[in-house]
Structures are given as C-alpha cells and as structure tokens.
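This report describes the interior, the principal pocket and selected residues of one protein structure. The sequence and coordinates are shown first.

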Amino acid sequence: MLTTHFHFFCCKEAMMEIRNTVDQKALVVRLTTRASELPRVFGEAYGEIMAYMGRKGINLSGRAFALYHNTDMENLDIEIGWTIDQDDSGEGRIKFRVIPGGKVVYALHKGPYSTLENTYNKVMAFIKEKEIKTTEWMYEVYLNSPENTPEEELKTEIYFPISE
C-alpha cells in the first residue's frame with residue numbers, strides 16, 4: 001500500500017503509526033467463512049485470482065491482502081484479494097474494487113500468523129487510549145508468503161481506517 005507518514009506513536013512494546021493511504025485498485029473474492037477455515041479459503045481464493053490475472057495478463061506486482069467486514073470468528077465476512085495497478089471488470093466471483101485511501105492506524109506484525117492476536121491487542125489498546133474512531137472494516141496486507149518464508153519472518157501490515 002502506498003502511504004505517506006503522518007505521526008508516530010510508541011505504545012509499550014509495539015510501534016503504532018497514523019498513516020495516510022491512497023486508493024488501491026484490487027481484485028477480490030468476497031465470502032463468509034469460519035476463522036478455522038482461513039488457510040484453506042485463502043489458498044483457494046488466491047489461486048483463483050492468480051489464474052485470472054494470468055489469463056488476463058495482469059501484472060503481479062501488487063500485494064495479497066484480506067479485508068475484514070466483521071470480527072465474528074464463526075462467520076467472517078471477508079474479501080480476499082490482490083492489489084493491481086489497472087481497472088478490470090472481474091469475472092465470476094472475482095470482483096474489481098477500490099480500497100479507499102485516507103487516514104489509518106497502521107501496525108506491522110512480524111512472526112507467525114498464530115501470534116497476530118498479540119499485535120491486534122496492542123493496536124486495539126492504542127486505538128482506545130488515543131480515542132480514535134475507526135470504520136467497521138479493516139485489512140491486512142501480506143508482505144511475504146508462508147510458502148517461501150519461515151513463519152518467524154512473516155510480515156503482515158495491519159490497517160484500521162479512521163472514521164472522519
């Protein structure tokens with residue numbers, strides 16, 4: 001995600017940052033699933049999106065992400081996607097969308113996905129402490145892949161858009 005820095009804050013053991021982001025074009029598959037099914041549905045959705053991008057000749061220079069519309073771990077409403085640098089019409093369950101830019105609370109998680117909750121707890125404490133109002137949706141951007149990166153070196157960016 002292209003960003004410009006706004007303010008840095010230190011919150012105990014984690015650095016939190018308020019950033020300004022720009023609109024990001026993306027291809028997504030939106031679905032509802034249990035959190036326990038995420039590894040499987042991520043693999044299926046990313047495979048579907050990558051195959052579509054290959055057929056259409058869309059540049060693979062973007063990033064994988066997941067946009068969460070709720071936090072119900074038994075019934076997650078999620079968009080699994082890939083950022084792209086062009087408009088597209090999508091096909092079947094693959095849809096084109098724009099992730100709106102604006103101010104966000106940002107954090108970088110380094111380590112296994114199984115420890116993301118620790119970073120989320122710090123982010124939520126930061127948001128509460130600073131009395132920041134956020135949207136009902138948030139997203140994660142995956143800077144590398146568990147397919148070719150040791151889990152302790154995985155990097156996940158966390159974005160909570162701020163309500164204006």
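## The largest pocket

In this predicted model, helix H1 supplies the largest share of the lining of the largest pocket, namely seven residues. The pocket has a volume of about 960 Å³. Of its 35 lining residues, those closest to the centre are Phe42, Tyr68, Tyr113, Glu140 and Tyr142.

Two or more lining residues come from each of the following elements: H1, strand S4 (64-68), strand S5 (76-84), helix H2 (116-129) and strand S8 (138-142). By residue class, the lining of the largest pocket comprises 21 nonpolar, ten polar and four charged residues.

## Nonpolar cores

The largest nonpolar core contains 36 residues. Within this core, the residues with the most contacts are Leu27, Phe42, Tyr68, Ile78, Ile80, Val105 and Phe160. Helix H1, which spans residues 38-56, gives the most to the core, contributing eight residues. A second core, separate from the largest, is made up of eleven residues, among them Ala26, Trp137, Tyr139 and Tyr159.

Tyr68 is listed among the best-connected residues of the largest core and also among the residues closest to the centre of the largest pocket. When neighbours within four places in sequence are left aside, Tyr68 is in contact with Leu38, Phe42, Leu76, Asp77, Ile78, Glu136, Trp137, Met138, Glu140 and Tyr142. One of these partners, Trp137, is included in the second core.

## Aromatic pairs

The structure holds seven aromatic pairs. One of them joins Tyr120 and Phe160 in an edge-to-face arrangement, with 6.0 Å centre to centre and 80 degrees between the planes. This pair links distant parts of the chain, as Tyr120 lies in helix H2 and Phe160 in strand S9 (residues 155-161), 40 residues apart. Both Tyr120 and Phe160 are buried.

Ring pairs also connect Phe42, Tyr46, Tyr113 and Tyr142 into a cluster. Of the cluster members, Phe42, Tyr113 and Tyr142 are listed among the residues closest to the centre of the largest pocket.

## Asp77 in strand S5

Asp77 is located in strand S5. Is this residue, Asp77, buried or exposed? Asp77 counts as buried because its relative accessible area is 19%, and the cut-off for burial is under 20%.

Not counting residues up to four places away in sequence, Asp77 touches Arg30, Leu31, Thr32, Leu67, Tyr68, His69 and Asn70.

## Two loop residues

Met73 is found in the loop between S4 and S5. With a relative accessibility of 45%, Met73 counts as partly exposed. Apart from neighbours within four places in sequence, the contacts of Met73 are with Thr33, Arg34 and Ala35. Ser36 lies 37 residues from Met73 in sequence, and the two are 8.0 Å apart in space, C-alpha to C-alpha.

Glu131 belongs to the loop between H2 and S8. Its phi angle is near 55 degrees, a positive value in a residue other than glycine. Glu131 is classed as exposed because its relative accessible area is 69%, and exposed residues are those over 50%.

Note on methods: Residues are numbered from 1 along each chain as its sequence is written. This is a predicted model: local features need pLDDT of at least 70, side-chain atom pairs count only at pLDDT 80 or more; totals for chains, interfaces and linings use all residues. Side-chain values use heavy atoms; hydrogens and water are left out. A nonpolar core is a set of buried Ala, Val, Leu, Ile, Met, Phe, Trp, Tyr and Cys residues joined through side-chain atoms within 4.5 Å. Buried means under 20% relative accessible area, exposed over 50%, partly exposed in between (1.4 Å probe, protein chains only). Helices (H or I, at least four residues) and strands (E, at least two) are DSSP runs, numbered from the N terminus. Contact means heavy atoms within 4.5 Å. On a 1 Å grid over the protein atoms alone, a cavity is a set of points where a 1.4 Å probe fits but cannot get out, and a pocket is an open set with protein on both sides within 12 Å along at least five of seven lines; lining residues have an atom within 4 Å of a point. Grid points are joined across faces, edges and corners, and a volume is the space filled by probe spheres set on the points. Ala, Val, Leu, Ile, Met, Phe, Trp, Tyr, Cys and Pro count as nonpolar, Asp, Glu, Lys and Arg as charged, and the others, Gly among them, as polar. Rings of Phe, Tyr and Trp (its six-membered ring) pair if their centres lie within 6.5 Å; planes under 30 degrees apart count as stacked, over 60 as edge-to-face and the rest as tilted.
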